[in-house]
Amino acid sequence: MPVLKQIYSFFIIISIVIIAAGCSSNGNDQIQNAGMLVDGTIESQAWGEKGYEGLKQIGEEYDINVFLKENITTEQEISEAVDELVYDGVNLIFGHSSIYGSYFSELAESYPDVHFVYFNGGYYSDNVTSLNFNAHAMGFFAGMVAAEMSTANQIGMISAYQWQPEIEGFFEGVKYRNPSANVMIEFVNNWNDSETAVDLYEQMRAKGADVFYPTGDSYSKEIIQHAKKDGIHAIGYVADQSYIDEETVLTSTVQHVDKLYEYAAEKFNEGELEGKIMTFDFQDEVISLSEFSPSIPESFQDYMDDIIEEYIETDLLPNEG
């Protein structure tokens, strides 16, 4: 009889454990917890802030824990951070930069039950996905606005790296709208080096530039503030930066990276997130131009709205039609 009681008690305990486990589950098909690696801090970057907003949305949507790890740049730091996230039950990891692609592709084999997502790169595997913004058109439309609003026909573009697709697009957009305009393009070779960016601004300003497009996340705000002080114009980058000064900021080229976080989580939870390179544009509602400054004539605002709508419908820029 004591033996039977022990067996009965054992099955009761097992049943309680199973029920408790079922109650504690978030009820999702795939996603357990999610994590994010960023190569700086989210406070210093509009890009980082928007990514973190997307991560928090995932946490609320799926009732899961989310984890943020900042200043993760080296191979050792990335490896240790991934190991810690997996220990915390994370099976969806976002690397909020192109630098994570090669590292993720190497780590992926060791974590077959984890899906890795990063941005704007060419590496992928079965459980590694690269989400890319097609920024050429974004730059083209910014170039059209800059050309329209420059009275000196001197326009400055301060970019982080030469590979950014918006550079060629911006140049083409300026020349399409005003073939006689001169475009000065310089590179900081760093997303976060505000000091170098300001030095380049001063050099271009001395040459007469009166519209600037700073395509580096951390320093775009500072360049816009200098433009405001000098009474000239600028175009915002990544986020709507009209809050700095709506007269100075003609428009902003907005990348809705938070929406891509939510998209990746949804696909992963449904078991449909593929390991491949994926590209997104205006048609996917993850890139847009913010509202135009009141300093831009309404007739030109209407014209730009029509041009962008036509691009969304045809996938052709004005110089391609």
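This passage looks at a sheet, a helix and two pockets in a predicted model. Local features need pLDDT of at least 70 and side-chain atom pairs count only at pLDDT 80 or more, while totals for chains, interfaces and linings use all residues. Numbering starts from 1 along each chain as its sequence is written.

Take the sheet to begin with. Six strands (DSSP E runs of at least two residues, numbered from the N terminus) make up an open sheet in the order 7-6-8-9-10-12, and the pairing is mixed. Pairing here calls for at least two DSSP bridges between two strands. Strand 7 (182-187) and strand 12 (287-289) sit at the edges, each pairing on one side only. Strand 6 (residues 154-159) runs parallel to strand 7, joined to it by six bridges, and Gln154 stands opposite Asn182.

Now for the pockets: open sets of points on a 1 Å grid over the protein atoms alone, where a 1.4 Å probe fits, with protein on both sides within 12 Å along at least five of seven lines; lining residues have an atom within 4 Å of a point. The largest has a volume of about 340 Å³, the space filled by probe spheres set on the points, which are joined across faces, edges and corners. Its lining has 21 residues, with Trp47, Asn120, Trp163, Trp191 and Tyr237 nearest the centre. The second largest pocket comes in at about 220 Å³ and is lined by 13 residues, of which Gln45, Ala46, Glu49, Gln241 and Tyr243 lie nearest its centre.

How values were computed: Heavy atoms only, no water. Helix = DSSP H or I, 4+ residues; strand = E, 2+ residues; numbered from the N terminus.
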